[in-house]
Amino acid sequence: MTADVKLLGTIHTQLANTYLRMVSPREEPVFTKDGEPVLIEGVPMMRTIYPSAAEVAAANAFLKQNNITAAADDGGDLAELQDQLRQRRKRAKPVLDFGEDFPGIQ
């Protein structure tokens, strides 16, 4: 039995949307231990919920399985981050120094 390509595409899209919601920070109300909402001047107090490491790892695995990567475009934020990391690596001191014991290793 073969799967319908359109059905598989729909499932893939729903899964991608689920991962997007899962890794997006969200706001939720704060409750007391009795289950009552915490109010500040009559307005419910809210807190930001961030994704767990497991959720981020699952979304990352989904992206990797689908060969999704980030490319540093010229002038974009990712290119700027890449340049900053390159500069840090240039300034960083070597972690291991083999000295004269192993002259071929740098």
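In which helix is L7 found? In this predicted model, L7 is found in helix α1, which spans residues 5-23. Together with L8 and I11, L7 forms a nonpolar patch on the surface, and the three residues have about 280 Å² of accessible area together. L7 itself counts as partly exposed, since its relative accessibility is 48% and the partly exposed class lies between the limits of 20% and 50%.

Helix α1 belongs to a protein that contains three helices and four strands, and these elements, read from the N terminus on, follow the order α-β-β-β-β-α-α. Of the 106 residues in the protein, 6% are buried, while the accessible surface comes to about 9,700 Å², with 57% of that area belonging to carbon and sulfur atoms. When contacts between residues at least 6 apart in sequence are considered, 35% of them join residues that are at least 24 apart.

The confidence of the prediction was also examined. The mean pLDDT of the protein is 86, and a value of 70 or more is reached by 84% of its residues. Among the elements, the highest mean pLDDT, 96, belongs to β4, whereas the lowest, 84, belongs to α3.

Attention was next given to charged side chains. Side chains of opposite charge can pair when their charged atoms come close. A search of the whole structure finds two salt bridges. In one of them, R47 pairs with E28, and the closest N and O atoms of this pair are 2.9 Å apart. R47 lies in strand β4 (residues 46-49) and E28 lies in strand β1 (residues 26-29), so the salt bridge ties together parts of the protein that are 19 residues apart in sequence. R47 is partly exposed, with a relative accessible area of 43%, and E28, at 25% relative accessibility, likewise counts as partly exposed.

A salt bridge is also formed by R86 and D83, whose closest N and O atoms are 2.8 Å apart. R86 and D83 are three residues apart in helix α3 (residues 77-91), and about one helical turn therefore separates them. The relative accessible area of R86 is 37%, which places this residue in the partly exposed class, and D83, with a relative accessible area of 40%, is partly exposed as well.

The geometry of helix α2 was considered separately. Helix α2 comprises 13 residues, from 53 to 65, and the distance from its first C-alpha to its last is 18 Å, which is close to the 18 Å expected at 1.5 Å a residue. Helix α2 is followed by N67, a residue whose phi is positive, near 55 degrees.

A further residue, P37, was examined in the loop between β1 and β2, the latter strand covering residues 39-40. When residues up to four places away in sequence are not counted, P37 touches V30 and F31. At a relative accessibility of 37%, P37 counts as partly exposed.

Notes:
Residues are numbered from 1 along each chain as its sequence is written. This is a predicted model: local features need pLDDT of at least 70, side-chain atom pairs count only at pLDDT 80 or more; totals for chains, interfaces and linings use all residues. Side-chain values use heavy atoms; hydrogens and water are left out. A salt bridge is a side-chain nitrogen of Lys or Arg within 4 Å of a carboxyl oxygen of Asp or Glu. Helices (H or I, at least four residues) and strands (E, at least two) are DSSP runs, numbered from the N terminus. Buried means under 20% relative accessible area, exposed over 50%, partly exposed in between (1.4 Å probe, protein chains only). The expected span of a helix is 1.5 Å times one less than its number of residues. Contact means heavy atoms within 4.5 Å. Accessible areas come from the Shrake-Rupley method with a 1.4 Å probe; for residues, only the protein chains shown count as cover. Patches are made of residues with over 30% relative accessible area and no salt bridge: like charges are joined within 9 Å, nonpolar side chains (Val, Leu, Ile, Met, Phe, Trp, Tyr) within 5 Å. pLDDT is the predictor's confidence in each residue, from 0 to 100.
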